[in-house]
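Let's walk through how the strands in this model pair up. Have the fold on screen while you read.

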Amino acid sequence: MTRRIPGWLWGGLVGLGLSILALPATAEVSALVQLTPARVMPLAEHLRAYGTVEFAPEGGRTLSLEAESLVSQVLVANGQRVHQGEALLRVVPSINDQLQLQQAQIGVRFALTDQQRLESLRTRQLATNAEVQTAQQTLAKAQATLHDLQARLKTLQAGVVRAPINGVVETVSVHQGDLVPAGQPLLRLSTGNALRIVLGVEPEDLPRVKVGDAVQLRPVYGDQSPLSGKIQQIYWQVDPKTRLAQVVVPMSAIPSLLPGAVVRAEIVLGRQKSLAIPDSAVLQQGGRSYCFVDVRGKAQQRWIETGWRAAGWIAVSKGLQAREKVVSLGNYELQDGMALRVAGKS
């Protein structure tokens with residue numbers, strides 16, 4: 001027996017069917033992005049290096065004594081500011097110096113006595129003029145030796161080594177109780193007006209660095225404005241402690257840059273034209289670089305090889321062509337093949 005569907009139910013099904021047919025298909029997933037064309041532009045190649053601030057050697061003075069001395073007291077420390085005439089060390093002559101002085105004094109007395117004796121004998125025609133002249137020469141030599149010792153021991157006899165200039169104590173090389181040979185450095189003073197920054201460079205990178213290259217410097221600690229300088233010297237040898245070669249950047253003394261501070265440097269090696277894209281377009285995965293390229297409205301993942309960075313741009317040596325549009329914003333949520341909606345376009 002055939003049963004008819006009531007009109008009210010048929011109308012409901014028809015209405016339901018029409019509603020289902022009116023539903024849109026599943027929407028395609030897309031991402032809102034900003035695109036930037038890859039372009040050829042001049043970029044400065046940078047070399048990063050680290051170094052320390054030092055007093056400039058030409059702005060200082062090393063203090064030593066001409067005679068062997070014993071340090072009885074050290075009155076200053078590294079980094080201390082001193083004024084001209086201020087006491088730095090207390091010293092006394094060594095026992096050896098005292099013995100030499102006594103021997104020289106004895107030598108003068110004996111030479112003077114011998115010379116007077118021969119003068120007396122000559123008046124009685126018991127000594128020749130040649131003998132008297134020899135005695136006079138011996139006396140002169142003994143007196144010269146004594147005067148030389150007295151001059152060399154003059155500072156030691158005063159007992160104090162004083163600052164010859166206003167400046168900063170750069171290095172104290174001795175300690176209380178040290179027996180210091182003649183001429184050995186006691187300490188070094190710097191005027192504090194000039195500094196230098198010694199940067200460590202990998203030996204393989206040294207041939208790329210030239211005297212006169214510009215350098216941007218910034219202290220590693222603290223939020224200070226960058227400083228500018230130029231390479232003045234290149235040391236063509238490897239420091240046995242750091243295994244790095246060294247380059248020197250002179251700087252004027254400023255309050256924010258203290259000797260001993262560690263700085264980070266960007267050495268500008270030169271400028272050349274390169275294909276470049278914004279820094280923000282480059283992503284990393286497994287130690288490799290990639291970006292997303294707009295290909296007919298879809299995101300295409302592209303592996304690339306990058307070079308140096310400058311002013312928010314990064315050089316690309318492989319994987320891109322000029323004028324290809326890369327995703328510079330909104331790329332972190334992208335997947336290969338995802339549809340792109342460009343910011344600013346309806």
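Two strands count as paired if DSSP finds at least two bridges between them. Strands themselves are DSSP runs of E with at least two residues, numbered from the N terminus. Keep in mind that this is a predicted model, where local features need pLDDT of at least 70, side-chain atom pairs count only at pLDDT 80 or more, and totals for chains, interfaces and linings use all residues. Residue numbers start from 1 along each chain as its sequence is written, and side-chain values use heavy atoms, with hydrogens and water left out.

One open sheet has four strands in the order β7-β6-β4-β9, with antiparallel pairing. At its edges sit β7 (160–162) and β9 (179–180), each pairing on one side only. Over at the β4–β9 pair, Ser69 stands opposite Val180 in β9.

Another open sheet of four strands runs β3-β10-β8-β5, again with antiparallel pairing. Here β3 (60–63) and β5 (81–82) each have a single partner strand, so one side of each has no neighbour in the sheet. Where β5 meets β8, Arg81 has Val168 as its bridge partner.

Then there's β15, which pairs with β11 and with β14. Ala194 stands opposite Ser252 in β15, while Gln233 has Val248 of β15 as its bridge partner.

Here are the antiparallel pairs with their bridge counts:

| Strand | Partner | Bridges |
|---|---|---|
| β11 (residues 194–201) | β15 (residues 245–252) | eight bridges |
| β14 (residues 233–235) | β15 | three bridges |
| β5 | β8 (residues 167–172) | two bridges |
| β4 (residues 69–74) | β9 | two bridges |
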